[in-house]
Amino acid sequence: MNLDEMIDNILEGTIPEHVAIIPDGNGRWAHNQGLERTEGHRQGTKRAEDLIEFIAKKIPIDFLTFYTFSTENWSRPDSEVKFLMTLLKNLLGNRGDKLLKNDVRLRIIGDIDGLPDRTENVVRKTVEKTSTNEGLRLILALNYGGRQEILTAVKELASQATGGDLSSEEITEKVFQSHLYTSEIPDPDLLIRTSGERRISNFMLWQLAYTEIWITEKFWPSFKPENFLEAISDFQQRERRFGRVEKGKYDQ
Ligand code: IPE
Ligand code: IPE
Ligand code: MG
């Protein structure tokens, strides 16, 4: 099947509203090619750009999230962290226009204040610049940690409670969710992780409660739109039960 046929097939089924990606394996990809880890990040960034453009143009997904930098990634060597921050700054700075052209609207989840100033400024500017776009909603998880996100929400609720503005009965799932970085973003329907790792790595701990997970052995820098369509196609075969009994199976 060629790419267009794959797209046609996918469009006949249910398209997930929100797909989240953990683009892992940049370093190992580079190592296997005898290259520096940074080259893996450079190529990985290109694959992300290609995929964003492909989805924005061809697949009616509403929300696409990339785990871009975790709160734990600060513990990598300084030179790698610096490279990643500069890459991000250049990516959004130079090619923010590409997002505009494709009607992509950018949003960040994570602690933006904790980024280096120059990266933070470009990130904020690009969010602002794309804020009236109405196409694909692109979410970058930047300086993001799932536990930190939950703790931040708990702290906000606790201070409202001690101020007398909130009773414990009022803390429903909906209220809690509205204090997360992802307020007004639906939970991901599908999570894709590359490089064969079978873990969540502190990503969207609350939001992934009923997300379908698809893992590929491919390293991120060799992940192509075809692989994305494979993931969607696999998702379309699944039955999401949310704790219920399979429909029709045990009917009399
Ligand atoms: C993912 O690739 C990119 C980031 C975490 C920023 P890695 O850099 O984790 O690559 P591996 O897992 O070491 O191969
Ligand atoms: C997850 O990948 C974070 C991002 C892709 C940004 P890591 O490479 O940091 O995760 P671990 O360390 O293998 O769990
Ligand atoms: Mg990794």
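**Close-up 1. Strand β2 and the shell around ligand 2.** In this predicted model, strand β2 spans residues 63-70 and gives the most to the shell around ligand 2. The strand's contribution is 3 residues. Y67, T68 and F69 are among the residues around the ligand. I22, P23 and D24 also belong to this shell. So do N73 and R76, together with R193, R199 and S201. By class, the shell around ligand 2 holds 4 nonpolar, 3 polar and 4 charged residues.

**Close-up 2. Polar contacts of ligand 2.** Three side chains are shown here, those of R193, R199 and S201. For R193, a polar side-chain atom lies 3.4 Å from an oxygen atom of ligand 2. For R199, a side-chain N or O atom is 2.8 Å from an oxygen atom of the ligand. For S201, the distance from a polar side-chain atom to a ligand oxygen is 2.6 Å. On its own, ligand 2 has 390 Å² of accessible area, and the protein covers 77% of it.

**Close-up 3. The shell around ligand 1.** Ligand 1 is surrounded by residues that include P23, D24, G25, N26, G27 and R28. R37, H41, T68, N73, R76 and L84 are also part of this shell. Its classes are 2 nonpolar, 6 polar and 4 charged residues. Helix α2 supplies the largest share, 3 residues.

**Close-up 4. Polar contacts of ligand 1.** This view takes in one backbone contact, from G27, and side-chain contacts from R37 and R76. A polar backbone atom of G27 is 2.9 Å from an oxygen atom of ligand 1. A polar side-chain atom of R37 also lies 2.9 Å from a ligand oxygen. In the side chain of R76, an N or O atom is 2.7 Å from an oxygen atom of ligand 1. Taken alone, ligand 1 exposes 380 Å², of which the protein buries 86%. Two elements, α2 (26-32) and α3 (37-58), give two or more residues to the shell around ligand 1.

**Close-up 5. The pocket and its ligands.** Ligand 1 takes up the space of the largest pocket. Ligand 2 sits in the largest pocket as well. P23, D24, T68, N73 and R76 appear in the shell of ligand 1 and also in that of ligand 2. R76 places a side-chain N or O atom 2.7 Å from an oxygen atom of ligand 1.

Key. Residues numbered from 1 in each chain as written. Chains lettered and ligands numbered in written order. Predicted model: local features only at pLDDT ≥ 70, side-chain atom pairs only at ≥ 80, totals over all residues. Heavy atoms only, no water. Near = heavy atom within 4 Å. Polar contact = N/O pair within 3.5 Å; in protein donor to acceptor, adjacent residues only side chain to side chain. Areas by Shrake-Rupley, 256 points an atom, 1.4 Å probe, with all protein chains shown as cover. 1 Å grid on protein atoms, 1.4 Å probe; cavity = no way out; pocket = protein on both sides within 12 Å on 5 of 7 lines; lining within 4 Å. Sits in = over half its atoms within 2 Å of the grid points. Helix = DSSP H or I, 4+ residues; strand = E, 2+ residues; numbered from the N terminus. Nonpolar A, V, L, I, M, F, W, Y, C, P; charged D, E, K, R; others polar.
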